[in-house]
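Hi there,

Here is the structure I promised to pass on. Please have it open while you read, and my notes follow below.

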Amino acid sequence: MPRSKDDLEQIVLQTFLNFKLANIKFVEIRNTILYIANLNNITVEVALIWILTALDNASKSTGIDYGLIITIRRSEQACVDMIKILSAIENLGLPKKIIGLDLAGNEDSTIPENLPFFFKKGKYELNLGITIHAGETGNLNNILEAVHVFEADRIGHGTAAMHCKKTMDLLREKDIAVEVCPISNRRTNSLTEDDAYTFHQFLKYKVPFVLCSDNPAIHNLNLVEDYKVFIQETNDIDFLTKHYKDQKKYSFLYGEVR
């Protein structure tokens with residue numbers, strides 16, 4: 001975690017240089033901005049300015065376009081965090097490069113009942129895309145809550161959906177894309193070695209999904225490796241040929257979901 005503005009600039013630039021090596025054209029960067037604010041004893045507004053400046057500079061240096069998604073951790077104080085974040089975004093005049101909100105963390109954690117209200121405020125008043133990590137630990141109800149209560153535009157991981165045709169039908173009918181992270185799902189045991197990858201079922205039932213990397217710095221792998229897993233499993237060249245178009249469609253930066 002960056003302990004100064006200079007640290008942040010260096011980390012972001014190196015990250016974008018790695019993206020360039022992987023031939024990535026645009027990225028959605030996720031950050032729990034409160035960590036930067038608290039660690040450096042600065043306001044959320046200043047923390048947002050720091051990271052947007054670092055992202056702008058890295059984008060100009062590499063030619064990679066970007067959007068920032070702000071992650072909120074599941075916890076009893078999630079509403080307090082959301083109020084700070086939404087207020088900071090509004091106070092800064094709704095920066096165009098802030099494109100979404102993400103709910104992540106332990107899916108078994110207790111969250112306030114009114115947390116969905118703040119996500120929908122972000123969606124309908126601030127024009128932010130909503131993505132919810134749900135179903136990664138096998139809890140199908142978290143996916144249904146993400147769709148019906150949080151009104152999510154995308155689902156993170158969503159591995160539990162592949163065991164329920166009704167849920168897959170729901171995702172397809174509502175055109176809610178799943179962010180599929182093949183390598184991460186194996187390493188976190190969201191899928192066991194005996195499980196097929198989720199994309200097999202999603203392809204079968206025509207559930208929209210995009211291939212993603214999850215914590216590439218932790219896994220020391222990039223998006224190319226996730227693509228390799230997909231092609232080794234499916235040999236579906238046609239899917240990958242049109243995948244860039246799908247990535248744009250379901251992105252909060254360019255897409256149709258906002």
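**Notes on the model**

Let me start with Lys206, which lies in the loop between helix 9 (198–204) and strand 7. One thing to keep in mind throughout is that this is a predicted model. The phi of Lys206 is near 60 degrees, a positive value in a residue other than glycine. Is Lys206 buried or exposed? With a relative accessible area of 63%, Lys206 is exposed.

Leu94 also has a positive phi, about 55 degrees, although it is not a glycine. You will find Leu94 in the loop between helix 4 (78–91) and strand 3. Its relative accessible area is 40%, so Leu94 counts as partly exposed.

Now to the sheet. It is an open sheet of 7 strands in the order 1-2-3-4-5-6-7, with parallel pairing. Strand 1 (26–31) and strand 7 (209–211) are at the edges; each has a single partner strand, so one side of each is left without a neighbour in the sheet. From one strand to the next, the twist averages 25 degrees.

At the strand 1 edge, 6 bridges join strand 1 to strand 2 (residues 65–73), and the two run parallel. One example to look up is Phe26, whose bridge partner in strand 2 is Asp65. Helix 3 (residues 44–62) lies across strand 1, strand 2 and strand 3 (98–104), and runs at about 150 degrees to strand 2.

Next, a residue worth clicking on: Phe202, found in helix 9. Its relative accessibility is 0%, so Phe202 counts as buried. What is Phe202 in contact with, leaving aside its neighbours within four places in sequence? The partners are Gly158, Ala161, Met162, Met168, Val178, Val180, Val207 and Phe209. Take Met162 from that list: Phe202 and Met162 are 40 residues apart in sequence, yet 7.0 Å apart in space, C-alpha to C-alpha.

Phe202 also belongs to an aromatic cluster, together with Tyr197, Phe199, Phe209, Phe230 and Phe239. Tyr197 has a charged visitor as well: the charged end of Arg186 sits over the Tyr197 ring, 4.1 Å from its centre. Elsewhere, Arg154 lies over the face of Phe252, at 3.9 Å from the ring centre.

How many aromatic pairs are there? The count comes to 11 aromatic pairs. One of them is formed by Phe117 and Phe118, an edge-to-face pair with 5.1 Å from centre to centre and 80 degrees between the planes. Their surroundings are easy to tell apart: Phe117 counts as exposed because its relative accessibility is 52%, whereas Phe118 counts as buried because its relative accessibility is 13%.

Finally, the cysteines. The count of disulfides comes to 0. Why does Cys212 not form one? The closest cysteine sulfur to that of Cys212 is in Cys181, and it is 5.0 Å away, which is too far for a bond; the cut-off used for a disulfide is 2.5 Å between the sulfur atoms. Cys212 also counts as buried, because its relative accessibility is 18%.

If you want a short route through the model, you could begin at Lys206 in its loop, move to Phe202 in helix 9, and finish at Cys212 with its closest cysteine sulfur in Cys181.

Best wishes

Key
Residues are numbered from 1 along each chain as its sequence is written. This is a predicted model: local features need pLDDT of at least 70, side-chain atom pairs count only at pLDDT 80 or more; totals for chains, interfaces and linings use all residues. Side-chain values use heavy atoms; hydrogens and water are left out. Rings of Phe, Tyr and Trp (its six-membered ring) pair if their centres lie within 6.5 Å; planes under 30 degrees apart count as stacked, over 60 as edge-to-face and the rest as tilted. Buried means under 20% relative accessible area, exposed over 50%, partly exposed in between (1.4 Å probe, protein chains only). A charge sits over a ring if NZ of Lys or CZ of Arg is within 6 Å of the ring centre and within 35 degrees of the ring normal. Two strands pair if DSSP finds at least two bridges between them. Helices (H or I, at least four residues) and strands (E, at least two) are DSSP runs, numbered from the N terminus. Axes are lines fitted to C-alpha atoms, for helices over the stretch in contact, and angles run from 0 to 180 degrees between N-to-C directions. Contact means heavy atoms within 4.5 Å.
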